[in-house]
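These are my notes from a session with one model. I wrote down what I looked up, in the order in which I looked.

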Amino acid sequence: MRQTNGQIPRPRDASETRRLLLEAARQRFASDGYAATTVRQIADDVGVNVALINRYFESKEGLFEACLASAARVLVESTEEVSDLGQLADTISRHVTDVRLERGLRPALLVLLRSSGDERAEQVRAATLRGYGERLASLAGWTGEQGTADLLLRAQLVLATAIGIVVLRSQPRLEPLASATGEKLKAPLGSLINALLVAAQDQL
């Protein structure tokens with residue numbers, strides 16, 4: 001092992017390196033897309049050898065799938081903090097605007113919007129977005145039964161709105177949406193959620 005300044009470098013922590021690679025990849029895929037991102041860029045961002053990506057994730061495709069799985073966990077965690085529809089507007093507006101929330105909805109949704117052309121990755125993405133829509137619908141009383149089917153469509157419209165906010169706040173930046181604070185977005189989002197889900201919930 002090479003010495004630096006007379007000291008032997010500490011062995012690299014495998015789990016921490018894997019976490020850093022995943023975080024760097026998530027940021028790259030979210031900002032640049034799948035095709036424009038290289039494993040060399042990701043490795044350089046972390047300061048490691050490209051071979052470590054193959055060791056931990058097997059390939060670029062495997063790393064992208066790991067990012068999708070991570071994004072799926074973020075979406076699950078974001079809905080776990082919501083116990084009723086009254087909290088939903090606050091949660092969504094906060095997660096899509098606060099850039100400090102590295103594990104918030106914003107980077108997760110940006111990653112989920114990226115396409116790799118890999119069939120398995122496409123299946124993971126579709127299942128993740130479908131599951132998030134179902135979670136939102138369940139807050140309004142959706143049970144999967146025929147009588148509540150319309151709630152799933154309405155919940156997916158809320159999801160589409162959240163995705164649209166994320167996209168238009170990144171590229172292209174559309175003002176005043178791009179610079180609106182979470183507090184500013186909460187009221188109109190609340191109106192949308194009330195119209196789409198709360199009103200339908202009251203009719204069950």
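**Entry 1: the ring cluster.** The model is a predicted one. I began with the aromatic side chains and found that ring pairs join Phe29, Tyr34 and Phe64 into a cluster. I then counted the aromatic pairs, and the count came to three. I took the pair of Phe29 and Tyr34 next; its centre-to-centre distance is 5.7 Å, with 20° between the planes, and I logged the pair as stacked.

How far apart are the ring centres of Phe29 and Phe64, and at what angle do their planes stand? I read 5.0 Å for the centres and 85° for the planes. Planes over 60 degrees apart count as edge-to-face, so I entered this pair as edge-to-face. The pair links distant parts of the chain, as Phe29 belongs to helix 1 and Phe64 to helix 4, 35 residues apart.

**Entry 2: cover over the rings.** I checked whether the cluster residues are buried or exposed. Phe29 has a relative accessible area of 0%. Both Phe29 and Phe64 are buried. Tyr34 has 9% relative accessibility, and because buried means under 20%, I listed Tyr34 as buried too. I also looked for a charge by the Tyr34 ring: the charged end of Lys60 sits over that ring, 4.3 Å from its centre.

**Entry 3: helix 2.** I moved to helix 2, which spans residues 39-46, and noted its buried residues as Ile42, Ala43 and Val46. These cover an arc of only 95° around the axis, so they lie on the same side of helix 2. An α-helix has 3.6 residues a turn, so residues three or four places apart point the same way.

Which helices do the buried residues of helix 2 pack against? I found helix 1 (14-32), helix 3 (51-57) and helix 4 (60-80). Just after helix 2, I noted a positive phi of about 80° at Gly47.

**Entry 4: Ala43.** I picked Ala43 out of helix 2 for a closer look. Its relative accessible area is 0%, so I marked Ala43 as buried. Leaving aside neighbours within four places in sequence, I listed its contacts as Leu21, Val48, Asn49, Val50 and Ile53. I also took the C-alpha distance from Ala43 to Ala24, which is 8.3 Å for two residues 19 apart along the chain.

**Entry 5: Thr91.** I looked up Thr91 and placed it in helix 5, residues 88-97. What does the side chain of Thr91 reach? I found the backbone oxygen of Gln87 at 3.1 Å. Thr91 has a relative accessible area of 5%, so I put it down as buried. With neighbours within four places left out, I recorded contacts from Thr91 to Ser78, Glu81 and Val82.

**Entry 6: the whole chain.** I finished with the totals. The protein chain has nine helices and zero strands, and I wrote its pattern along the sequence as α-α-α-α-α-α-α-α-α. Of its 204 residues, 43% count as buried. For contacts with a separation of 6 or more, I noted that 65% come from residues 24 or more positions apart. I entered the accessible surface of the protein chain as about 11,200 Å², with 50% of it belonging to carbon and sulfur atoms.

Technical notes. Residues are numbered from 1 along each chain as its sequence is written. This is a predicted model: local features need pLDDT of at least 70, side-chain atom pairs count only at pLDDT 80 or more; totals for chains, interfaces and linings use all residues. Side-chain values use heavy atoms; hydrogens and water are left out. Helices (H or I, at least four residues) and strands (E, at least two) are DSSP runs, numbered from the N terminus. Buried means under 20% relative accessible area, exposed over 50%, partly exposed in between (1.4 Å probe, protein chains only). A polar contact is a pair of N or O atoms within 3.5 Å; within protein, one must be able to donate a hydrogen and the other to accept it, and residues adjacent in sequence count only if both atoms are side-chain atoms. Contact means heavy atoms within 4.5 Å. The arc is that of the directions from the helix axis to the C-beta atoms. Rings of Phe, Tyr and Trp (its six-membered ring) pair if their centres lie within 6.5 Å; planes under 30 degrees apart count as stacked, over 60 as edge-to-face and the rest as tilted. A charge sits over a ring if NZ of Lys or CZ of Arg is within 6 Å of the ring centre and within 35 degrees of the ring normal. Accessible areas come from the Shrake-Rupley method with a 1.4 Å probe; for residues, only the protein chains shown count as cover.
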